[in-house]
Amino acid sequence: MKNAKPVFLILGAAAAVVVIGVGVLGFLFQYTGSNTTDYYGRIDNELVEKITPHGGMNYRYHLPVYLEDGSREDLDLDTSRILKDGAYIHIETAPLRGVLRWEEMQYDELPAPVQAQYPPES
């Protein structure tokens with residue numbers, strides 16, 4: 001029984017490390033979930049490449065995208081399939097997690113500064 005005390009100390013320290021680790025991860029995922037960035041773009045199938053499949057994703061688009069204020073950035077979007085060429089897209093991202101979701105949208109649903117980056121539809 002003399003050696004029981006060090007074992008309890010080691011187990012207590014290990015439990016504390018696990019609890020702290022879970023707390024930190026929980027904080028990061030909560031933080032990134034509420035700190036998202038919205039991008040808007042247009043699908044161009046000349047900018048897609050086939051990739052080594054991972055998590056059901058087979059293709060990667062290298063897209064020029066725009067923030068709500070019309071400022072441009074570049075973004076990689078992995079997909080499971082080739083998307084509709086010319087479709088407008090809204091992409092939601094978060095730090096550490098990357099792309100959370102994406103959806104097609106109509107031209108008139110884009111923010112006005114983003115619409116200005118694309119020629120009007122015919």
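Tyrosine 118 is buried, with a relative accessible area of 9%, where buried denotes under 20% relative accessible area, exposed over 50% and partly exposed in between, as computed with a 1.4 Å probe on protein chains only. The structure is a predicted model, in which local features need pLDDT of at least 70 and side-chain atom pairs count only at pLDDT 80 or more, whereas totals for chains, interfaces and linings use all residues. Residues are numbered from 1 along each chain as its sequence is written, and side-chain values use heavy atoms, with hydrogens and water left out.

Aromatic contacts are described next. Rings of Phe, Tyr and Trp (its six-membered ring) are taken to pair if their centres lie within 6.5 Å, with planes under 30 degrees apart counted as stacked, over 60 as edge-to-face and the rest as tilted; by this rule there are three aromatic pairs. In one of them, the rings of tyrosine 88 and tyrosine 118 have centres 5.5 Å apart and planes at 70°, so the pair is edge-to-face. Tyrosine 88 belongs to strand S5 and tyrosine 118 to the segment after helix H2 (112–115), so this pair ties together parts that are 30 residues apart in sequence; helices (H or I, at least four residues) and strands (E, at least two) are DSSP runs, numbered from the N terminus. Tyrosine 88 also counts as buried, at 5% relative accessibility. Ring pairs further link Tyr66, Tyr88, Tyr107 and Tyr118 into a cluster. Within this cluster, tyrosine 107 is placed in the loop between S6 and H2 and counts as buried at 17% relative accessibility. The C-alpha atoms of tyrosine 107 and tyrosine 118 are 9.1 Å apart in space, while the two residues are eleven apart in sequence.

The nonpolar interior was examined in the same model. A nonpolar core is defined as a set of buried Ala, Val, Leu, Ile, Met, Phe, Trp, Tyr and Cys residues joined through side-chain atoms within 4.5 Å. The largest such core has twelve residues in all, namely Tyr39, Ile43, Tyr61, Leu63, Val65, Leu67, Leu75, Leu77, Leu83, Ala87, Ile89 and Ile91. Two or more residues are given to this core by each of strand S3 (57–66), strand S4 (72–79) and strand S5 (88–94), and S3 gives the most, with three residues. A second, separate core of eight residues includes Tyr40, Tyr66, Tyr88 and Met105. With contact defined as heavy atoms within 4.5 Å, and with residues up to four places away in sequence not counted, leucine 77 touches Tyr59, Arg60, Tyr61, Leu63, Leu83, Ile89, Ile91, Val99 and Trp102.

Strand pairing requires that DSSP find at least two bridges between two strands. Strand S1 (residues 37–42) is joined to S5 by six bridges, and the two strands run antiparallel; in this pairing, tyrosine 40 stands opposite histidine 90 in S5. S1 is also joined to S3, by two bridges and again in an antiparallel arrangement, with glycine 41 opposite valine 65 in S3.

Charged contacts were assessed as salt bridges, each being a side-chain nitrogen of Lys or Arg within 4 Å of a carboxyl oxygen of Asp or Glu, and a search of the whole structure finds four of them. One salt bridge joins the side chains of arginine 60 and aspartate 78 (2.6 Å, N to O), and this pair links distant parts of the chain, with arginine 60 in strand S3 and aspartate 78 in strand S4, 18 residues apart. Arginine 60 is partly exposed, with a relative accessible area of 24%. Another salt bridge is formed by arginine 72 and aspartate 74 (3.2 Å, N to O), both of which are exposed. Glutamate 103 and arginine 101 also meet in a salt bridge (3.6 Å, N to O); glutamate 103 counts as partly exposed at 35% relative accessibility, and arginine 101 counts as partly exposed at 38%. Glu92, Arg101 and Glu103 are linked in a network of salt bridges.

The loop between S5 and strand S6 (98–105) contains leucine 96, whose phi is near 70°, a positive value in a residue other than glycine. Leucine 96 counts as exposed, at 72% relative accessibility. Arginine 97 lies in the loop between S5 and S6 as well and counts as partly exposed at 39% relative accessibility. Although arginine 97 and threonine 36 are 61 residues apart along the chain, their C-alpha atoms are separated by 9.8 Å.
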